[in-house]
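Q: I'm new to this one and would like a guided tour. Could you take me through it bit by bit?

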Amino acid sequence: MTTTDLGLPGFDTPDLGLPRLRGQALVPAADVKLSAKDFKSDQEVRWCPGCGDYAVLAAVQSFMPRLGLARENTVFVSGIGCSSRFPYYMNTYGMHSIHGRAPAIATGLAVARPDLSVWVVTGDGDALSIGGNHLIHALRRNVNLKILLFNNRIYGLTKGQYSPTSETGKITKSTPVGSVDAPFNPVSLALGAEATFVARVLDSDRAGLSDVLTAAAEHRGTALVEIYQNCPIFNDGAFEVLRQQGEKERRIVPLRHGEPIRFGAEGEYGVIRTGSGGLTTAEVAKVGEDALVVHDATCEDPTPAFALSRLSSQDLTHCVTGVFRSVDRPVYDDQVRAQIDQARTADPADLQDLLTGKDTWTVRG
């Protein structure tokens, strides 16, 4: 089967205003038009009633047909956790791997098979605890992966211990008098690792989730999407304040590339720069529209995106959502394959010199 450089045809990145980056060389779907039903497997979906994973699964199954890719050239790799059941429910290829190692396994797939669209599904415990190193190295290398990080601020599968994103003071089975750990901000972590695409969205925001996932799919390189997701059994209501009418408007700060950053029911609040170079929020009427920061997701310098990530607080006074960063940079798997191709065409003597090197001795008896 031949491949073509598609750039993911058939749709435009909706609402985000991001420039289209070069897509993978992927195998297009046959002339048969696929639907969300085609991406549903024959496995019974087994999550707890009310789990946010259901909404994410439905959103992914709905937007996958828009990519125009063959199901047999789409792969979902997961680690361990509730979210890691995901591959069972997608009618694509998939692998339920081991704890924290999904990015490593997915990296091998991406390098060996450029015709595949490779997705990683992980949770805050799986990705940021035992899998922390695997995650940050995939991000810094810019492997052509799409990573969906389900963040419910708790260990769900192992029954309610605090996780690397649990807020300070969190009372759980493993912290009966409150956690003393400072939690990770996954978006800040990803930006610190020089990730080329970083976004955040809520599981209940169906439209926003579909838009962000589509933009991530279009991106060439590592795309990390943090998804705030509710665990109704062990951490119910962790993000409820972001769903309440009247509260969500003054807390959620949506990002739109090329537009001033405003929020509130009437756009009455905005993001401005501080004297120290950071960012804060203010009433637009008091500071004026000219003072508002215009969001540029394509800025090569990750500093502005990192400053935006720091506006999000543990107590959810503010929660920044949307695409923080989307930049183009050489892709790890492309470079590895180029080196392999170069080695295949090299003079055999050159290869032998490479293998023996300068620190090789011949020992004679």
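A: Sure, let's start with Arg337: at 16% relative accessibility, Arg337 counts as buried. Buried here means under 20% relative accessible area, exposed means over 50%, and partly exposed is in between (1.4 Å probe, protein chains only).

Q: Before we go on, how should I read the numbers?
A: This is a predicted model, where local features need pLDDT of at least 70, side-chain atom pairs count only at pLDDT 80 or more, and totals for chains, interfaces and linings use all residues. Residues are numbered from 1 along each chain as its sequence is written, and side-chain values use heavy atoms, with hydrogens and water left out.

Q: OK, back to Arg337. Which residue does Asp333 form a salt bridge with?
A: With Arg337, and their closest N and O atoms are 3.8 Å apart. The term covers a side-chain nitrogen of Lys or Arg within 4 Å of a carboxyl oxygen of Asp or Glu.

Q: And is Asp333 buried or exposed?
A: Buried, at 2% relative accessibility.

Q: Where do Asp333 and Arg337 lie?
A: Both are in helix α11 (residues 332–345), four residues apart, which is about one turn of the helix. Helices (H or I, at least four residues) and strands (E, at least two) are DSSP runs numbered from the N terminus. There's a network here too: salt bridges with shared partners join Arg220, Asp333, Asp334 and Arg337.

Q: How many salt bridges are there in the whole structure?
A: A full search finds 14. One of them joins Lys286 to Glu283, with the closest N and O atoms 3.6 Å apart. In that pair Lys286 is exposed at 67% relative accessible area, while Glu283 is partly exposed at 38%.

Q: Got another one?
A: Glu167 bridges to Lys170, and there the closest N and O atoms are 3.7 Å apart. Glu167 counts as partly exposed at 21% relative accessibility, and Lys170 counts as buried at 15%.

Q: Switching topic: how many aromatic pairs are there?
A: The rule first: rings of Phe, Tyr and Trp (its six-membered ring) pair if their centres lie within 6.5 Å; planes under 30 degrees apart count as stacked, over 60 as edge-to-face and the rest as tilted. That gives nine aromatic pairs. Take Trp47 and Tyr89: their ring centres are 5.1 Å apart and their planes sit at 85 degrees, so this pair is edge-to-face.

Q: Where in the chain are Trp47 and Tyr89?
A: In distant parts, 42 residues apart: Trp47 is in the loop between β2 (25–26) and α1 (53–63), and Tyr89 is in helix α2 (residues 86–89). Trp47 and Tyr89 are both buried.

Q: Why do Phe76 and Trp119 count as stacked?
A: Their ring centres are 5.8 Å apart and their planes are at 20 degrees, so they fit that label. This pair also ties together distant parts of the chain, with Phe76 in strand β3 (residues 74–78) and Trp119 in strand β5 (residues 117–123), 43 residues apart. Phe76 and Trp119 are buried. Zooming out, ring pairs link Trp47, Tyr54, Phe63, Phe76, Phe86, Tyr89, Trp119 and Phe150 into a cluster.

Q: What do the buried residues of α1 pack against?
A: They pack against β3, α2, β5, β6 (146–151), α7 (206–218) and β8 (223–228). The buried residues of α1 are Asp53, Val56, Leu57, Ala59, Val60, Gln61 and Phe63.

Q: Which residues touch the most other members in the largest nonpolar core?
A: Leu135, Leu139, Leu145, Leu224, Val271 and Leu308, out of 37 residues. A nonpolar core is a set of buried Ala, Val, Leu, Ile, Met, Phe, Trp, Tyr and Cys residues joined through side-chain atoms within 4.5 Å. There's a second, separate core of 34 residues, which includes Phe39, Ala59, Leu213 and Ala215.

Q: What is Val271 in contact with?
A: Beyond its neighbours within four places in sequence, the contacts of Val271 (heavy atoms within 4.5 Å) include Val253, Ile261, Leu279, Ala291 and Leu308.

Q: Last one: is Ala138 buried or exposed?
A: Buried, with a relative accessible area of 2%. Ala138 lies in helix α5 (residues 132–141). Leaving aside its neighbours within four places in sequence, Ala138 is in contact with Pro103, Val143, Leu145 and Thr222.
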